[in-house]
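Trainee: I am new to this structure and would like to go through it slowly, with the terms explained along the way.

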Amino acid sequence: MRGVTGRLTLLDTASLYFRAYFGVPESVKAPDGTPVNAVRGLLEFIDRLVKDHRPDHLVACMDADWRPQWRVELIPSYKAHRVAEEHEAGPDEEEVPDTLSPQVPIIEAVLDALGIARVGVAEYEADDVIGTFTARAKGPVDIVTGDRDLYQLVDDVREVRVLYPLKGVGSLQLTDEAWLREKYGVDGKGYADLALLRGDPSDGLPGVPGVGEKTAAKLLAEFGDLAGILAAVDDPKAKLTPAQRKRLDESRPYLAVAPKVVRVADDVPLPDVNTVVPRTPRDPAALEELASRWGLGGSLQRLLATLVA
């Protein structure tokens with residue numbers, strides 16, 4: 001990352017290949033009949049992304065651990081409903097569609113053969129890798145994700161924005177702080193507090209009972225941040241309803257640990273990788289073999305043409 005001053009695009013890779021999987025028909029198959037809809041869908045999305053936004057640097061950020069133990073120790077319900085199989089010696093296995101799992105190693109092999117930087121760090125989620133790359137970046141950053149949790153990184157001053165796929169991976173919503181204020185009443189820094197107050201069933205985060213999105217936004221507008229809200233609970237003159245005061249007070253144990261769980265890490269030990277967008281494949285022979293074996297056809301050829309251009 002030293003000296004990186006051009007536009008950096010960070011892919012929340014799992015989020016995007018999940019969307020590609022559900023957005024491209026499963027009838028898209030390799031010559032041996034293996035579905036490759038997620039592979040081809042992701043390649044087509046990267047092609048369009050590079051074509052439309054012309055990044056100087058590109059990183060496919062990976063979930064080396066989709067449910068880190070340090071987060072589970074703080075909030076045991078964190079992503080618990082998505083565990084397919086528990087493993088004592090390593091990360092738990094995530095519930096993934098049967099026809100998607102075999103496509104993930106293909107995606108990784110194709111990205112490596114292309115020369116697109118692919119980064120995952122043990123005991124961290126892709127979100128944390130994205131957070132650390134963003135913190136270290138010297139120039140503008142585009143975060144491409146279908147996960148709203150990363151809205152917390154949006155920062156107009158630093159030119160950090162989120163490109164959020166609206167339908168499949170075909171069209172992108174450009175999320176800046178003006179959009180966040182219009183939609184949620186908070187800026188990027190405030191989004192993490194809003195999320196932990198509101199809770200998120202999809203991540204197993206309980207939130208504060210009775211505090212939905214609108215109430216959370218009103219509390220943050222009134223008191224500034226989570227620390228200000230908790231100070232208001234202790235201030236009898238603060239404008240809180242009795243029910244809000246009681247629920248927030250009873251939720252102190254959750255609110256004491258939730259920030260570390262919800263906020264993405266910005267201090268992940270990143271490997272030294274070449275993030276420059278490749279113009280030619282790193283391993284042409286491997287890429288040719290992958291293209292033939294998995295029938296990647298026009299999806300891969302279009303991306304290669306875009307990279308060369």
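The questions and answers below go from the whole chain to single residues.

Trainee: What kind of model is this, and which pLDDT do local features need?
Mentor: Residues are numbered from 1 along each chain as its sequence is written, and side-chain values use heavy atoms, with hydrogens and water left out. This is a predicted model in which totals for chains, interfaces and linings use all residues, while side-chain atom pairs count only at pLDDT 80 or more and local features need a pLDDT of at least 70.

Trainee: How many helices and strands are there in the chain?
Mentor: Helices (H or I, at least four residues) and strands (E, at least two) are DSSP runs, numbered from the N terminus. Counted in this way, the chain has 13 helices and eight strands.

Trainee: What is the radius of gyration of the chain, and what does the globule rule give for 309 residues?
Mentor: The radius is taken over C-alpha atoms, and the globule rule is 2.2 Å times the number of residues to the power 0.38. The chain is as compact as a globular protein of that length, because its radius of gyration of 21 Å is close to the value from the rule, 19 Å.

Trainee: What share of the 309 residues counts as buried?
Mentor: Buried means under 20% relative accessible area, exposed means over 50%, and partly exposed lies in between (1.4 Å probe, protein chains only). By that cut-off, the buried share of the chain is 51%.

Trainee: Which helix gives the most residues to the largest nonpolar core?
Mentor: A nonpolar core is a set of buried Ala, Val, Leu, Ile, Met, Phe, Trp, Tyr and Cys residues joined through side-chain atoms within 4.5 Å. The largest one holds 58 residues, and those touching the most other members are Leu 10, Phe 133, Ile 143, Leu 197, Leu 248 and Leu 255. With six residues, the helix that gives the most to this core is α7 (residues 188–198).

Trainee: Which residues does Leu 248 contact, leaving aside its neighbours within four places in sequence?
Mentor: Contact means heavy atoms within 4.5 Å. Leaving those neighbours aside, the partners of Leu 248 are Leu 197, Val 208, Leu 219, Ile 229, Val 233, Leu 240 and Leu 255.

Trainee: Which helices are included in what covers the buried residues of α9?
Mentor: Helix α9 (residues 226–233) is mostly covered, with six of its eight residues buried. These are Leu 226, Gly 228, Ile 229, Leu 230, Ala 232 and Val 233. Their cover includes α7, α8 (213–223), α10 (242–250) and α11 (252–262).

Trainee: Is Leu 114 buried or exposed, and how far is its C-alpha atom from that of Thr 280?
Mentor: Leu 114, which is found in helix α4 (residues 103–114), counts as buried because its relative accessibility is 1%. Beyond residues up to four places away in sequence, Leu 114 touches several others, including Leu 43, Pro 278, Thr 280 and Leu 307. Although Leu 114 and Thr 280 are 166 residues apart along the chain, their C-alpha atoms are separated by 7.3 Å.

Trainee: What is the phi of Arg 54, and what is that of Glu 123?
Mentor: Arg 54 lies in the loop between α2 (37–53) and β2 (57–61) and counts as partly exposed at 42% relative accessibility, whereas Glu 123 is in the loop between β5 (117–119) and α5 (126–136) and counts as exposed at 53%. Neither residue is a glycine, yet phi is positive in Arg 54, at about 45°, and in Glu 123, near 75°.
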